[in-house]
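Visitor: I have a sequence and a model on my screen. Can you walk me through them?

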Amino acid sequence: MIATYQHNGSTYTVQLEQQPDGTYRAVVGEQTYTFRALPQANGSVILAFGGERVTTHVESAGNERHVAVGGDVFTLTLPEKRGSGSKRSDGG
């Protein structure tokens, strides 16, 4: 899966792939992260990076994704789609 988000005026592309051993590999820009995702009953997901565990929770609101990671909250925005047919040509 490849997704693009905007945060604080910058655009980030995230490539996420599940590995054969059940871990996930995420590439964000030039950084690569490997982790295990442990879904919780309350809708949050614990990400296990080696010996470190981080609790995450994501909520969607329109084109925004509110992501809580540890004690921080980030708002990611899906970029506007270009060329989606929103422009009209009157043709004459």
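The questions and answers below go from the overall fold to single residues.

Visitor: What is the mean pLDDT of the protein?
Guide: This is a predicted model, so confidence comes up early; pLDDT is the predictor's confidence in each residue, from 0 to 100. Of the residues, 88% reach 70 or more. The mean pLDDT is 88.

Visitor: Over which residues does pLDDT stay under 50?
Guide: Look for a stretch with 0 contacts beyond four places in sequence. Where pLDDT is low, the coordinates should not be read in detail. The stretch is residues 85–91.

Visitor: How many helices and how many strands are there?
Guide: Read along the sequence, the pattern is β-β-β-β-β-β-β-β. No helix appears in the count. The totals are 0 helices and 8 strands.

Visitor: What share of the residues is buried?
Guide: The protein has 92 residues. Buried means under 20% relative accessible area. By that cut-off the buried share is 15%.

Visitor: How much space lies in the largest pocket?
Guide: The lining of the largest pocket draws at least two residues from each of β1 (2–7), β2 (10–18), β3 (24–28), β4 (31–39), β5 (45–49), β6 (52–61), β7 (64–69) and β8 (72–77). The space in the largest pocket is about 1,000 Å³.

Visitor: Which of the residues that line the largest pocket are the closest to its centre?
Guide: The largest pocket is lined by 26 residues. They divide into 21 nonpolar, 4 polar and 1 charged. The closest to the centre are V14, L47, V67, V69 and L76.

Visitor: Which strand gives the largest share of the lining of the largest pocket?
Guide: Each of the strands β1 to β8 supplies at least two residues of that lining. The largest share is 4 residues. These come from β6.

Visitor: T56 lies in strand β6. Is T56 buried or exposed?
Guide: Leave aside neighbours within four places in sequence, and T56 is in contact with S44, V45, L47, A68 and V69. Among these contacts, L47 and V69 are also listed with the lining residues closest to the centre of the largest pocket. The relative accessible area of T56 is 11%. The cut-off for buried is under 20%, so T56 is buried.

Visitor: Which residue forms a salt bridge with R25?
Guide: Side chains of opposite charge can pair when their charged atoms come close. The count comes to 1 salt bridge. R25 is partly exposed at 30% relative accessible area, and its partner is partly exposed at 32%. The closest N and O atoms are 3.5 Å apart, and the partner is E17.

Visitor: How far apart are the C-alpha atoms of R36 and D21?
Guide: R36 sits in strand β4 and is partly exposed, with a relative accessible area of 38%. Beyond four places in sequence, R36 contacts D21, G22, T23, I46, L47 and A48. Along the chain, R36 and D21 are 15 residues apart. Their C-alpha atoms are separated by 9.6 Å.

Visitor: What is the C-alpha to C-alpha distance between P79 and Q6?
Guide: P79 is in the segment after β8. P79 is partly exposed at 28% relative accessible area. Beyond four places in sequence, P79 contacts T4, Y5 and Q6. P79 and Q6 are 73 residues apart in sequence, yet in space the distance is 6.4 Å.

Visitor: What is the phi of N8?
Guide: N8 is in the loop between β1 and β2. At 72% relative accessibility, N8 is exposed. N8 is not a glycine, although its phi is positive. The value is about 50°.

Visitor: Is G50 buried or exposed?
Guide: G50 is in the loop between β5 and β6. Its C-alpha is 8.5 Å from that of T34, 16 residues apart along the chain. The relative accessibility of G50 is 74%. The cut-off is over 50%, so G50 is exposed.

Visitor: Where is G62?
Guide: G62 is exposed, with a relative accessible area of 68%. G62 and T77 are 15 residues apart in sequence and 9.1 Å apart in space, C-alpha to C-alpha. G62 is in the loop between β6 and β7.

Note on methods: Residues numbered from 1 in each chain as written. Predicted model: local features only at pLDDT ≥ 70, side-chain atom pairs only at ≥ 80, totals over all residues. Heavy atoms only, no water. 1 Å grid on protein atoms, 1.4 Å probe; cavity = no way out; pocket = protein on both sides within 12 Å on 5 of 7 lines; lining within 4 Å. Points joined across faces, edges and corners; volume = space filled by probe spheres on them. Nonpolar A, V, L, I, M, F, W, Y, C, P; charged D, E, K, R; others polar. Salt bridge = Lys/Arg side-chain N within 4 Å of Asp/Glu carboxyl O. Buried < 20%, exposed > 50% of the residue type's maximum accessible area, 1.4 Å probe, protein only. Contact = heavy atoms within 4.5 Å.
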